[in-house]
Structure formats: structure tokens, C-alpha cells
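Trainee: Please take me through one part of this model slowly, residue by residue. I would like to follow the contacts first and the geometry after that.

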Amino acid sequence: MNRMPHHTRLKQLDALLVETQSLWQPQPFKKARPEWCNLYPKLNQALLDLDESSLAHYAANNEALITFISSYIPQLAEIPSLIELPATTQKQQREIDSRLNAGIPGRKWQQITSLYQSIENPGCAITEWCGGKGYLGRLLCKQWQQPVTTLEYQQSLVEAGAALAEKYQLKQQFKKVDVLNAPVVKQLSNHHTIALHACGDLHRELIRQIIDTKMPSFSIVPCCYHLGRENNYTVFNPDLKLNLSREELRLAVNETVTAHSHEIQKRDQDMAWKLGFQQIWQELSGSSDYHCIKPVTKTWLKDGFKSYCQKLSQREQLPLTDDMDWDYWENRAYQRQHDVMRLQLLRQCFKRVLEVWLIMDMAVYLESHAYSVDIHQFCERSLTPRNILIEGKI
Ligand SMILES: C[S@@+](CC[C@H](N)C(=O)[O-])C[C@H]1O[C@@H](n2cnc3c(N)ncnc32)[C@H](O)[C@@H]1O
């Protein structure tokens, strides 16, 4: 297990991401043949030659993918040790009151119980940051017998959560608050704050408030790193070299969902037809630039490729010619989709690298403000890919 200090790991991740930018920044969906295809022709060919089952295997198995690609780009062999994170140990906890999962979707409940089992009772009042209906807060309140304040800005969620807390006669109160714009200091000082799946700016704001309020301890599970007010990511540690746009941040949450075969077929069709129209657009406009196509309603996928392109051409104001060979363009569409699915595997090797870099950026910043910080995985990635828990105390 990699036990290197967080700041050392962050430095190494930063160096790796900067050195390999030409491998993970270009998106094959937008650029048919990124530069690296010429630099690594054997890898390019090996990827294009993958059959469907190998493609599915590598798309679903990040470790196998990194091993496969490292045989062509040895520099990537250092990735596994840099992204390795220990699992949390199961803390001794009281048996969970089974009534508490009422109304909670199964997967969410499993995430909540995994997190609960990973965290020690802090022995003080708890603030639940951006808690939605306060599912997690409810469990902690009941199990630990600690007062919980759930902060959430959607009125309907606040009301639903408060009604449930009353039903179970719990010491859980809800505060309707926009944590990005209203001062919440009073809620935080002397509390343990817990945030499950706080998106982008929400978890970054919490990091700042932890320091401002000298919060004694916290547990944070970040998600959706790309959601935020800025177009570019602002690093917590200014000596880092990597600059990330919001678009690049998306790579950290770019998951290959394991779907049923008919969903895969639909996804492939959607992607192929978009790429097909993209190629027509480039041909007819005489421009090789990527043309950004807004999301397309699913019903357009029902009436054949020709009808789809005709509707899109109206929306995008691209006049089609009368002599379009639709079979030819549809074949090209599927050929592009075949290639994109394979070539984008190289980027996929870096998604966890980027995520761990983001996590370490927060960890090192907190450490520089006297916090002792632990990073663990609190559940399997199959339960939620956003499974990294940052815990700290001063
Ligand atoms: C991804 S959900 C997570 C909810 C809950 N922690 C969970 O894991 O089920 C993020 C929550 O943050 C809330 N939220 C978004 N922006 C907010 C803000 N500025 N202030 C307070 N809550 C906010 C949303 O309404 C939503 O309930």
C-alpha cells in the first residue's frame, strides 16, 4: 500500500499530469486522431483492433486498462501506485435501526451505511453539509445519539427531511441555507461536519470554511468536481503546475456505466449518429473544426439516420445537399464511433489520476493549516465511483 505523504504524492501526480497532457487532454470525440496516435502508432493500432468484448473489459476495468496501455507507454506504469488508496476499516457500530431506510433508494442507503460504518462517532454535534433530505444525518443522529443540523437550500427537501425527523422524534433540525452565499459559521464551529457527495464548489467552499471556523473535525466525500462558478479550477496549493479548465475537470467523473445490452446499443447509436452528423457538418462547411452539438432529444433516434440528420441540419442551420448518400454517411458514422470508443481508452487511464490529484490538493491544503488528514475509500467503486473519504481533525 502506498504510504507516501500526501504532499509527495500530490507533487508526483502533478508532474505526471503535466508531462502527459498531450495524452489525456485531446478528446477523440472532438479530434479524430489526436497527436499521440502518431507518437504511439503501435498503441493506436492495438486500440483500434480491440474487439467488442476486450473493449468492454478495459472500459470496465481500470487496472487492466492501465496495465495494457503501460506496455506501450511505460511512463503510465507508475499510475497504479499513485492512485492506490486504502479502504476504511469497519468501525464498531451499533446495529442499524432497519426502519431508517424507509423511502431511501437502495443504492443510496448502501452508500450511507458504508459511510456510517467507516466513521468513528466524533462525540459532538454534527452538521450535515448540503444534506438533501438528510438521510445520512438521520442515521447518524439515531445511531450516535448526537444532535444533527442539516443544511440544504431546496425548500421541498428541507420540509420532507424535517417531517421525517419529527416522525422519528430525532434531534435533527434542518436549516434552509445557500451555503455558498450565506454565512454558516455558527453552524460549524465546534461541530463535526459531514458531507456526502457535495458537488464541486460545495465541497470546496466547505474546505475553506473548515479553516475559517477552525472546525475540530470533518468527513467529506466530494463529487462532481466540474460543477462550479469558475471556468477554471482554482488550486488550493499555488505551487502546483497543472491548470485545469472546467471541461477538463469532467474527466475525473467520466464513468463508463455498465449498462444493459439494449442501453449499450442506444448509447452507441446516439454517439455514432452525432459523430455522423459531425462529419457531414465538416464536409459541407469545409471546416475541420469540432462543431458543438447541443443534446438531441431521444425521439429523434427513432426515425432513421436520414431523418435525424435532416432535423439536426434545420436546428444547426446547415443546408444539406440533395445527393446525400445516407448509407455511406451512416457507415462512416459507425466507423467513427468504433474508433472513438477505442481511442478514448487512453484518456480513461487518467480519470482516477485527476481525481486523486484533486483530493490531494485539498488534503495538502488542510494539512498546511494544521489538520491531520486521512484519505480512504469508504466503499467499492461499483457502489459509487465517488468513493473517496477525506477525514481530518485539528
Ligand atoms: C448530490 S446532492 C447530495 C445530497 C445528500 N448529501 C446525499 O448524498 O444524498 C447535493 C445537495 O446539495 C444541495 N445544494 C446544492 N447547492 C446548494 C447550496 N448552494 N446550498 C445548500 N445546498 C445546496 C442540493 O439541493 C442537493 O440536495
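Mentor: Let's begin where Trp273, Gly276, Phe277 and Ile280 in α14 meet Phe305, Tyr308, Cys309 and Leu312 in α15. Two residues are in contact here if their C-beta atoms, placed from the backbone, lie within 7 Å. The residues of this contact divide into 7 nonpolar, 1 polar and no charged; Ala, Val, Leu, Ile, Met, Phe, Trp, Tyr, Cys and Pro count as nonpolar, Asp, Glu, Lys and Arg as charged, and the others, Gly among them, as polar.

Before going on, please keep in mind that this is a predicted model, in which local features need pLDDT of at least 70 and side-chain atom pairs count only at pLDDT 80 or more, while totals for chains, interfaces and linings use all residues. Residues are numbered from 1 along each chain as its sequence is written.

Now the geometry. Two packed helices are described by the angle between their axes and the distance between the axes. Helix α14 covers residues 261-285 and helix α15 residues 304-315; helices are DSSP runs (H or I, at least four residues), as strands are (E, at least two), numbered from the N terminus. Their axes lie 10 Å apart and make an angle of about 60°. Axes are lines fitted to C-alpha atoms, for helices over the stretch in contact, with angles from 0 to 180 degrees between N-to-C directions. α14 and α15 are therefore oblique to each other (under 35 degrees is roughly parallel, over 145 roughly antiparallel, 65 to 115 roughly perpendicular, and the rest oblique). The crossing of α14 and α15 is right-handed, which is the case when the near helix is turned clockwise from the far one by less than a right angle; anticlockwise would be left-handed.

For a companion view, look at helix α8 (residues 106-118) and helix α9 (residues 135-144), which pack at about 45° with axes 10 Å apart. α8 and α9 are therefore oblique to each other, and their crossing is right-handed. On the α8 side you will find Lys108, Ile112, Leu115 and Tyr116, which meet Tyr135, Leu136, Leu139, Leu140 and Gln143 in α9. The residues of that contact divide into 7 nonpolar, 1 polar and 1 charged.
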